[in-house]
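Okay, thanks for coming, everyone. I'll put the structure up and then walk through it.

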Amino acid sequence: MNATAADGRAGVRYQPDERPPTPLALGVGLQLAVLNVAAIVLIPVVVMRAAGMNEEYLSWAVLASVTACGLATMVQAVRAGRFGAGHVLLMGTSGAFIPASIMALTEGGPALLATLVVVAAVIPLLLAWRLSLFERVLTPSVSGTVIMLIPVTVLPFVSGLLATGPDGGALPGAPLSFFATLILIGCLALRGTGALRLWAPVIGVVAGTAIAASYGLYDVERIADAAWIALPRPRPPGFDLEFGPAFWTLLPSFLLVAVIASIRTMSSAVAIQRVSWRRSSRATDFRAVQGAVAVDGVGNLLAGLAGTVPGSATTTSVPFTQLTGVAARGVGLAAGAAFIAFAFLPKAFAVVLAIPDPVFAGYLGVLLAMLFAIGLKIVLQGGLGYRDGIVVGLAFLTGVSFQYGLILPEQVSAFAGGLLANGMNAGGFTAIGLTLFLRLTEPRRARIETEFGPSALPKIREFLGTFAAKVGLDAEVADRLAAAAEEALLSLTRPEGSGDDPSRRLAMAAHRDKGEVALEFLVAPRDENLQDRLALLSGEVEETSPEREVSLRLLRHLASSVRHQQYYDTDIVTVRVAVSAAAGGGI
């Protein structure tokens, strides 16, 4: 096998920049849309039903969600300027916004929801411009804890959905359809494979609806009265510009979830690039990631203007692209257009909107369980150390306790208009506060940014000499640090040349950690913001390259531990040099 074949992805039939036959692009795009339209529809239906919205507004919210997701999916494929990933990246409604959206509708109606969603849409636009803004605070412990608190916050609303139907159906129909939906989706998600697992939510909802229909809980007349094709009737809710207590109480929840949803979009944007090109060694396009996050903001802005649930990029495009081998942008355009076309089919929507509340409650139960598992995975992604464990434990218990009024309920509900009575707010603020405390009390890191290559050595030696003097290390230790830095820099130099690499740039940091000095090297393309690049890498929650030890004998002799990580076109090397207990001791 030649090198090209070994390095290629034989399964990729059409890359993003290639044009497949129009019937193929339309067929694959329609298939992608059909597989995902149910998930996009179900989330706004669950939110509107749990909040007690009328059927007229429910229909509009669903139509608006599908249309906004369709437009955002098309922009992702086109990549217009700084907007869009240029890949098949499907946009959908986000389950992470469920609790905040329900509470906004309950407290202030559609106008309050619209105002909060529009304000929160600024977050992904800001992150697309400067990813490093939240790097130090939004750790896996913080974001994972907030996601784990979503089910805690939503559970009180689930019981409201477990009632008999509007036509007064027999009592057993509600619990039977609920448990049938919950158990079937759960079992298929656990044991199903391939398409069966992908269609698990639809299969469970259909089965639960069939049981509910046998007890008279399915509104067949609604479907019969709906037209086959009709123009949507826009019902924008307007905005609540009074900015009362409810706005300020719910705003932190929307902002926190918007940040976390943007991080999920970053991961999806990286993952879709890995499966879209034949050459596996191709570097990840950092601008495409930024463009994907920017579309998050655009999609949420559209959702806010319409008064419906915001969303983010989904991960379903990745396995689908792997399965079909068609990564051409035309597929994304076709899928987005199919979503918009669904908005003109009232009878198809009536079939979904007639589904009884207990069935939606069963679907929501599985969705909440999956969100909790996602949050737990994020918390554990970098290893749950002693300090991070305390942060997660205290934040989660605080959120649960405040949500259910277990600690000083009267005082909590009276403070700042009930700001902390929301479990996501209380737990999120606790996690952020504890993380900030850890950051402010840890040794400050000295940093330098310079060209990458041998010419950087004098600057690095000067930098380390200044650092050693500042933290009280003697000249011998400073020399050993300089030697370790030189060997680490040598390990990062590409073998094809010994001079400077004008296409790459080096960022270096040094800090003292108990009995060691840690040196960190980040090498990335010159035209990128290195801090943004580091923020992107640290924010990923998907697969990363395995750690590997640098093989230079001298560097291993100088350092107590060496770690080399490669992320696409970026290298990160961490060198830890042991020092004696005395501040000025030798190595």
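So, where in the protein chain is confidence lowest, and where is it highest? Keep in mind that this is a predicted model. The low point is helix α1, residues 3-7, with a mean of 39, and the high point is helix α4, residues 98-120, at 91. Over residues 1-8 the pLDDT is below 50, and beyond near neighbours in sequence that stretch has six contacts in the model. There's another such patch at residues 581-587, where pLDDT also stays under 50, and here the model has 19 contacts beyond four places in sequence. Where pLDDT is low, the predicted coordinates should not be read in detail. For the protein chain as a whole, the mean pLDDT is 78, and 83% of the residues reach 70 or more.

Right, on to the packing. The largest nonpolar core has 120 residues, and M48, F254 and L364 have the most contacts inside it. Helix α11, residues 245-274, is the one that gives the most to this core, with 16 residues. Take L364: leaving out residues up to four places away in sequence, L364 touches V46, I98, V154, V158 and L161. Apart from that core lies another one, of 34 residues, and its members include F467, A484, L519 and V523.

Next, two helices. Helix α7 covers residues 173-191. With 19 residues, α7 reaches 27 Å from first C-alpha to last, close to the 27 Å you'd expect at 1.5 Å a residue. Its buried residues are G173, A174, S177, F178, T181, I185 and L188. Looking down the axis of α7, those buried residues fall within an arc of 130°, so they line one face of the helix. Over on the other side of α7, L190 and R191 are exposed.

Then α9, residues 200-214: that's 15 residues reaching 22 Å, close to the expected 21 Å. Buried here are A200, G204, V205, G208, T209 and A212. Down the axis of α9, the buried set falls within an arc of 155°, so again we have residues lining one face of the helix. V206 and S214 are exposed on the other side of α9. Just after α9 there's G216, with a positive phi of about 80°.

Now, which residues does T181 touch, if we skip those up to four places away in sequence? The list is G204, V205, G208, V359, G362 and Y363. Three names there should ring a bell, since G204, V205 and G208 are among the buried residues of α9. T181 itself has 0% relative accessibility, so it counts as buried.

A couple of backbone oddities for anyone who likes torsions. R79 isn't a glycine, yet its phi is positive, near 60°. R79 sits in the loop between α3 and β1, and counts as partly exposed because its relative accessibility is 28%. F243 is another non-glycine with a positive phi, about 50°. You'll find F243 in the loop between α10 and α11, and with a relative accessible area of 35% it is partly exposed.

Last item: how many disulfides does the structure hold? Zero. As for cysteines, C69 is buried at 7% relative accessible area, whereas C187 is partly exposed at 44%.

That's my tour, so over to you.

Technical notes. Residues are numbered from 1 along each chain as its sequence is written. This is a predicted model: local features need pLDDT of at least 70, side-chain atom pairs count only at pLDDT 80 or more; totals for chains, interfaces and linings use all residues. Side-chain values use heavy atoms; hydrogens and water are left out. Helices (H or I, at least four residues) and strands (E, at least two) are DSSP runs, numbered from the N terminus. Buried means under 20% relative accessible area, exposed over 50%, partly exposed in between (1.4 Å probe, protein chains only). Contact means heavy atoms within 4.5 Å. A disulfide is a pair of cysteine sulfur atoms within 2.5 Å. The expected span of a helix is 1.5 Å times one less than its number of residues. The arc is that of the directions from the helix axis to the C-beta atoms. A nonpolar core is a set of buried Ala, Val, Leu, Ile, Met, Phe, Trp, Tyr and Cys residues joined through side-chain atoms within 4.5 Å. pLDDT is the predictor's confidence in each residue, from 0 to 100.
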